[in-house]
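Me: Please take a close look at a single part of this model, the strands and what packs against them. One connected answer will do.

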Amino acid sequence: VEVPLTIRLDRLHLVLQAAMGWMNSHLYEIRARDVGWGRPDPHFGDGPLDASKARLTDVLEDVGTRSLKYLYDFGDGWEHSIRIERITDAIPGMAYPCLIDAAGRCPPEDVGGPWGYHEFLDAIADPNHQEHAERLEWIGSNFDPNNIDVEALTQAVHGLAKKWSRKSPSRKRP
């Protein structure tokens, strides 16, 4: 994905969700070295900093790193590495964020993390597996980890770009 350097971390989380085809139904944390940002819980003072108050550019500059960890669904334990590959000027007329490329289909939400995902793939691939029918019924369709709907993911990310773009002020009619 390409995002503006000034994107807030809560919005970066939403971009990652859209790019992966997930539903944003779990807690998350974006970490740079030993500092984390997410949705603070007022009941726990030692939780993450507020992601809506941090911008990517400030995090990269303050922490002095070009890589981040993205943790999603603490129960399932998805951990992703984010690497800033390059920083360039925005292309005039281009809407950001935008999906540049995608490879492989993201695991379904609530599949049980990396270990549950491997078990899920084993079960749907083997008609004799004891959970084969149950897993196929749960997923609701054929699931091919290599078949990705790039257009749907692109549209999901583009939808965020449209939602967040500055709108010109409308003129009031008398």
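Reply: Buried means under 20% relative accessible area, exposed over 50% and partly exposed in between (1.4 Å probe, protein chains only). The model is predicted, with local features needing pLDDT of at least 70 and side-chain atom pairs pLDDT 80 or more, while totals for chains, interfaces and linings use all residues. Residues are numbered from 1 along each chain as its sequence is written, and side-chain values use heavy atoms, without hydrogens and water.

The sheet is open and has 5 strands, in the order β3-β2-β1-β4-β5. (Strands are DSSP E runs of at least two residues and helices H or I runs of at least four, numbered from the N terminus; two strands pair if DSSP finds at least two bridges between them.) The pairing is mixed. At the edges stand β3 (49-50) and β5 (78-83); each has a single partner strand, so one side of each lacks a neighbour in the sheet.

Starting from the β3 edge, β2 (residues 35-38) runs parallel to β3, and 2 bridges join them. One named pair here is G38 of β2 with D50 of β3 as its bridge partner. D50 also takes part in a salt bridge with K53, where the closest N and O atoms are 3.8 Å apart (a side-chain nitrogen of Lys or Arg within 4 Å of a carboxyl oxygen of Asp or Glu). With a relative accessible area of 25%, D50 is partly exposed, whereas K53, at 71%, is exposed.

Further along the order, β1 (28-32) and β4 (67-72) pair in the antiparallel sense, over 4 bridges. I30 stands opposite Y70 of β4 in this pairing. On its other side β4 meets the edge strand β5, again antiparallel, with 6 bridges between the two. Y72 has W78 of β5 as its bridge partner. The hairpin of β4 and β5 has 5 residues between the strands, and D73 there takes a positive phi near 60°.

Across the sheet lies helix α1 (residues 9-20): α1 crosses β1, β2, β4 and β5 and runs at about 70° to β4. (Axes are lines fitted to C-alpha atoms, for helices over the stretch in contact, and angles run from 0 to 180 degrees between N-to-C directions.) Helix α5 (residues 150-164) packs against α1 at an angle of about 150°, the two axes being 7 Å apart. That makes the two helices roughly antiparallel (over 145 degrees).

From α1, the contact (heavy atoms within 4.5 Å) uses R11, L14, V15, A18, A19 and M20. From α5, L153, A156, V157, L160 and W164 take part. By class, this contact has 10 nonpolar residues, no polar residues and 1 charged residue. (Ala, Val, Leu, Ile, Met, Phe, Trp, Tyr, Cys and Pro count as nonpolar, Asp, Glu, Lys and Arg as charged, the others, Gly among them, as polar.)

D10, which falls within the 9-20 range of α1, forms a salt bridge with R8, with 2.9 Å between the closest N and O atoms. D10 counts as buried at 16% relative accessibility, while R8, at 25%, counts as partly exposed. The whole structure holds 6 salt bridges, including one between R135 and E131, at 3.3 Å from N to O. There R135 is buried, with a relative accessible area of 14%, and E131 is partly exposed at 27%.

Conventions:
Angles under 35 degrees count as roughly parallel, over 145 as roughly antiparallel, 65 to 115 as roughly perpendicular and the rest as oblique.
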